[in-house]
Amino acid sequence: MTADADGSGTRIDQLRSTDEPALRCWIADYLFSQLTQWGRWAMPTWSASDINDHIAGNNLIEKEWREILEASADSARFVSVARLGVDAVGVVYAESRRDRYLCAKLGVLSWIYVAPDFRRGRIGCALLASAKRWMVSSSLTMAEVFVTASNPAAIALYSRAGFDSVDNRMLLRVS
Ligand SMILES: CC(C)(COP(=O)(O)OP(=O)(O)OC[C@H]1O[C@@H](n2cnc3c(N)ncnc32)[C@H](O)[C@@H]1OP(=O)(O)O)[C@@H](O)C(=O)NCCC(=O)NCCS
């Protein structure tokens, strides 16, 4: 466990089994919000209840939770939780991949989430800093993140942390 130096007042800790209800709730919120954005493009007729049915029918919350749980026990991946007291208030999950053209291993920021009531308190910065420390200690020299264009908070967080926008994901309906 380490104290943070980013002014958020949280401490950065490992994931604990008692964090499961909070994490499941955050995963559900994040999936709903992302699928609302993607659904506007891919499934314009989707209602909120269609999106919830899609999440439940494809077992997406369970799959995401299992992946994060496994990642937390895997030294090749990184999961940390921001805590105020014993309560989890945010999470970050990072891994790495080898880029076939840069011929180097990149740190990949897979997911970051701060509980809505605690946003704009520098917790996102503290979580990002913990993932960056893990990348440095894993001898990774670059980091990447995939972010939806309609997520200004995440784009601002990453830009503030020094990420540059290099690629755009473009989608086309072909049938
Ligand atoms: C993105 C997210 C993690 C940011 O967490 P946070 O703890 O609120 O962020 P911080 O307080 O550390 O913000 C750091 C900086 O990021 C920028 N920022 C964060 N949220 C912002 C917002 N809503 N609008 C504009 N800038 C924002 C600001 O520059 C801020 O610094 P400042 O407060 O000194 O101006 C949070 O909004 C969240 O959990 N969103 C839902 C999940 C999500 O979209 N994750 C990203 C997936 S790619």
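The residues of the shell around the ligand in this predicted model divide into 12 nonpolar, 3 polar and 4 charged. The ligand is surrounded by 19 residues, of which the closest are Arg 119, Gly 124, Ala 153, Ala 154 and Ala 156. Strand β5 and the helices α4 and α5 each supply at least two residues of this shell, and the largest share, amounting to 6 residues, comes from α5, which spans residues 152–160.

The strands β2, β3, β4, β5 and β6 can be followed through their pairings. Strand β2, made of residues 11–13, pairs with β3 in the antiparallel sense over 3 bridges, and within this pairing Ile 12 stands opposite Ala 82 of β3. Strand β3 in turn pairs with β4, again in the antiparallel sense, over 7 bridges, with Val 79 placed opposite Tyr 93 of β4. The β3 and β4 strands form a hairpin that has 2 residues between them, and Gly 85, in the turn, has a positive phi of about 65 degrees. In terms of burial, β3 is mostly covered, given that 5 of its 7 residues are buried.

Strand β4, residues 87–99, is joined by 10 bridges to β5, residues 104–114, and the two strands run antiparallel. Asp 99 has Ala 104 of β5 as its bridge partner. The hairpin of β4 and β5 has 4 residues between the strands, and in this hairpin Cys 103 takes a positive phi near 55 degrees. On β5, a further pairing is made with β6, residues 142–145, to which β5 is joined by 4 bridges in a parallel arrangement. Two positions illustrate this pairing: Leu 106 stands opposite Met 142 in β6, and Leu 109 has Val 145 of β6 as its bridge partner. Together with helix α4, which covers residues 123–137, the strands β5 and β6 make a right-handed β-α-β unit.

The two loops of this unit each contain a residue with a positive phi. Arg 120 is found in the loop between β5 and α4, and its phi is positive, at about 65 degrees, although the residue is not a glycine. Because Arg 120 has 8 C-beta neighbours inside 10 Å, Arg 120 counts as exposed, the cut-off for this class being 12 or fewer. Ser 139 lies in the loop between α4 and β6, and has a phi near 60 degrees, likewise a positive value in a residue other than glycine. Ser 139 is exposed because its surroundings contain 8 other C-beta atoms within 10 Å.

The largest nonpolar core has 29 residues, and those with the most contacts inside it are Ala 82, Val 91, Val 92, Ala 94, Leu 127, Leu 128 and Ala 131. At least two residues of this core are supplied by each of α1 (20–42), β3 (78–84), β4, β5, α4 and α5, and α4 gives the most to it, with 7 residues. Helix α4 therefore takes part in the β-α-β unit, in the shell around the ligand and in this core. When its neighbours within four places in sequence are left aside, Leu 128 is in contact with Val 92, Ile 112, Leu 157 and Ala 161. Val 91, one of the core residues with the most contacts, lies 9.5 Å from Asp 13 in space, C-alpha to C-alpha, while these two residues are 78 apart in sequence.

Asp 13 itself lies in strand β2. Asp 13 is classed as partly exposed because 16 other C-beta atoms lie within 10 Å, a count that falls between the limit of 12 or fewer for exposed residues and that of 20 or more for buried ones. Helix α2, residues 48–57, is hardly covered, since the count of buried residues among its 10 residues is 0. Just after α2, Asn 59 takes a positive phi of about 55 degrees.

Notes. Residues are numbered from 1 along each chain as its sequence is written. This is a predicted model: local features need pLDDT of at least 70, side-chain atom pairs count only at pLDDT 80 or more; totals for chains, interfaces and linings use all residues. Two strands pair if DSSP finds at least two bridges between them. A crossover is right-handed if, with the strands pointing away from the viewer, the path from the first strand over the helix to the second runs clockwise. A residue is near a molecule or strand if its C-beta atom, placed from the backbone, lies within 6 Å of it. Ala, Val, Leu, Ile, Met, Phe, Trp, Tyr, Cys and Pro count as nonpolar, Asp, Glu, Lys and Arg as charged, and the others, Gly among them, as polar. A nonpolar core is a set of buried Ala, Val, Leu, Ile, Met, Phe, Trp, Tyr and Cys residues joined through C-beta atoms within 7 Å. Two residues are in contact if their C-beta atoms, placed from the backbone, lie within 7 Å.
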